[in-house]
Amino acid sequence: MAELAFGCTEARSVRYAATPTLSFALHITESTGARVHAIALRCQIRIEPHRRRYSADEARRLNDLFGDTSRWAETVKPIQLATVSTMVPGFTSLTEVELPVPCTYDLEVASARYLQGLDDGTIPLLLLFSGTVFIANGESFSVELIPWSCEASYRMPVAVWQDVVNEHFPGSAWLRCGRETLDALSVFKAEHALPTWDATLSALLAAAGPPTDGPPATDPAATGPDPAATTWRAETS
């Protein structure tokens with residue numbers, strides 16, 4: 001039986017892709033010396049937000065996702081980023097492959113909302129592997145399943161996600177609204193002769209007045225819970 005181990009060494013933005021796409025560099029090792037003919041690989045990628053700290057500004061942006069920081073020990077849970085599949089060519093002992101991961105910038109999706117709220121640092125990711133391994137045995141093949149225990153951790157720099165977004169949506173973001181809301185915005189835009197939707201929203205914000213102040217930057221809770229304590233609560237809940 002093949003003994004596989006997985007690791008992730010790098011993530012980068014794929015330039016000129018049709019949609020926002022990340023590429024993860026994976027290395028796969030097989031320790032028994034068996035000849036791997038191919039792997040039909042499936043990878044589920046999760047964000048583990050409880051494994052990093054947050055600035056006061058980041059905590060304010062993530063309030064609608066996780067709630068008040070006093071409750072983060074209970075509300076901060078793993079977020080699904082993507083589930084993707086790829087074919088790994090044959091190898092013996094070691095191979096490296098690129099895993100392309102299409103991304104969304106829809107801010108109503110939890111992963112995009114979370115990533116948009118970060119300024120810098122790293123994003124803790126957990127890659128969970130499954131799939132089918134085809135082992136060459138002379139002129140025949142055997143088929144095995146990748147154990148569910150196969151996984152890899154990787155801390156992706158926030159700058160990599162920012163590169164993906166800026167490649168396709170430089171200096172902008174996307175929001176979805178209902179048709180009635182869009183009709184009302186269109187009327188407001190026309191009545192005030194506003195040239196763009198950005199100018200329309202800016203005018204509405206100006207009419208609404210300045211936002212209420214958030215928690216002071218010196219608030220200890222604004223940096224989020226202790227990562228170790230949160231991890232313990234998440235795993236034992």
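Outside its neighbours within four places in sequence, Glu-144 is in contact with Met-1, Ala-2, Gly-131, Thr-132, Val-133 and Ile-135 in this predicted model. Glu-144 belongs to strand E8, which spans residues 140–145, and its relative accessibility of 16% places it among the buried residues, because buried is taken to mean under 20%. The contact with the beginning of the chain bridges a long stretch of sequence, since the C-alpha atoms of Glu-144 and Met-1 are separated by 7.6 Å although the two residues are 143 positions apart along the chain.

Links of this kind can be set against the totals for the protein chain. Its secondary structure comes to eight helices and nine strands, and 38% of its 237 residues count as buried. Among the contacts with a separation of 6 or more, 75% are accounted for by residues 24 or more positions apart.

A further buried residue in a strand is Val-88, which is found in strand E4 (residues 79–88) and has a relative accessible area of 1%. When its neighbours within four places in sequence are left aside, Val-88 is in contact with Ile-28, Ala-38, Ile-39, Leu-41, Thr-95 and Val-97. For one of these partners, Ile-39, the separation along the chain is 49 residues, while the C-alpha atoms of Val-88 and Ile-39 are separated by 4.9 Å.

Arg-113, in helix H4, is by contrast partly exposed, with a relative accessible area of 25%. Not counting residues up to four places away in sequence, Arg-113 touches Leu-62, Asp-64, Leu-65, Leu-107 and Glu-108. Arg-113 and Asp-64 are 49 residues apart in sequence, and their C-alpha atoms are 9.3 Å apart in space.

Helix H4 also takes part in the aromatic contacts, of which a search of the whole structure finds eight pairs. In the pair formed by Phe-66 and Tyr-114, the ring centres are 6.1 Å apart and the planes stand at 65°, so that the arrangement is edge-to-face. Because Phe-66 lies in helix H2 (residues 63–66) and Tyr-114 in helix H4 (residues 110–116), this pair ties together parts that are 48 residues apart in sequence. Both Phe-66 and Tyr-114 are buried. The rings of Tyr-105 and Trp-161, with their centres 6.5 Å apart and their planes at 65°, likewise form an edge-to-face pair. Distant parts of the chain are again linked, as Tyr-105 lies in the loop between E6 and H4 and Trp-161 in helix H5 (residues 158–168), 56 residues apart. Tyr-105 is buried at a relative accessible area of 7%, and Trp-161 is buried at 3%. Ring pairs further join Tyr-54, Phe-66, Trp-72 and Tyr-114 into a cluster.

The packing of two helices, H6 and H7, was examined in the same model. Two packed helices are described by the angle between their axes and the distance between the axes. For helix H6 (residues 179–191) and helix H7 (residues 197–208), the angle is about 90° and the axes are 10 Å apart, which makes H6 roughly perpendicular to H7. On the side of H6 the contact is made by Leu-182, Leu-185, Ser-186, Phe-188 and Lys-189, and on the side of H7 by Trp-197, Thr-200, Leu-201, Ala-203 and Leu-204. By class, the contact comprises seven nonpolar residues, two polar residues and one charged residue. Within this set, the charged end of Lys-189 sits over the ring of Trp-197, at 5.3 Å from the ring centre.

The backbone shows two residues of note for their phi values. Most residues other than glycine have a negative phi. Tyr-16, however, has a phi near 70°, a positive value in a residue other than glycine, and lies in the loop between strand E1 (4–13) and strand E2 (21–30). With a relative accessibility of 70%, Tyr-16 counts as exposed. Ser-93 likewise has a positive phi, near 75°, and is located in the loop between strand E5 (91–92) and strand E6 (94–102). The relative accessible area of Ser-93 is 39%, so this residue is partly exposed.

How values were computed
Residues are numbered from 1 along each chain as its sequence is written. This is a predicted model: local features need pLDDT of at least 70, side-chain atom pairs count only at pLDDT 80 or more; totals for chains, interfaces and linings use all residues. Side-chain values use heavy atoms; hydrogens and water are left out. Axes are lines fitted to C-alpha atoms, for helices over the stretch in contact, and angles run from 0 to 180 degrees between N-to-C directions. Helices (H or I, at least four residues) and strands (E, at least two) are DSSP runs, numbered from the N terminus. Angles under 35 degrees count as roughly parallel, over 145 as roughly antiparallel, 65 to 115 as roughly perpendicular and the rest as oblique. Contact means heavy atoms within 4.5 Å. Ala, Val, Leu, Ile, Met, Phe, Trp, Tyr, Cys and Pro count as nonpolar, Asp, Glu, Lys and Arg as charged, and the others, Gly among them, as polar. Buried means under 20% relative accessible area, exposed over 50%, partly exposed in between (1.4 Å probe, protein chains only). Rings of Phe, Tyr and Trp (its six-membered ring) pair if their centres lie within 6.5 Å; planes under 30 degrees apart count as stacked, over 60 as edge-to-face and the rest as tilted. A charge sits over a ring if NZ of Lys or CZ of Arg is within 6 Å of the ring centre and within 35 degrees of the ring normal.
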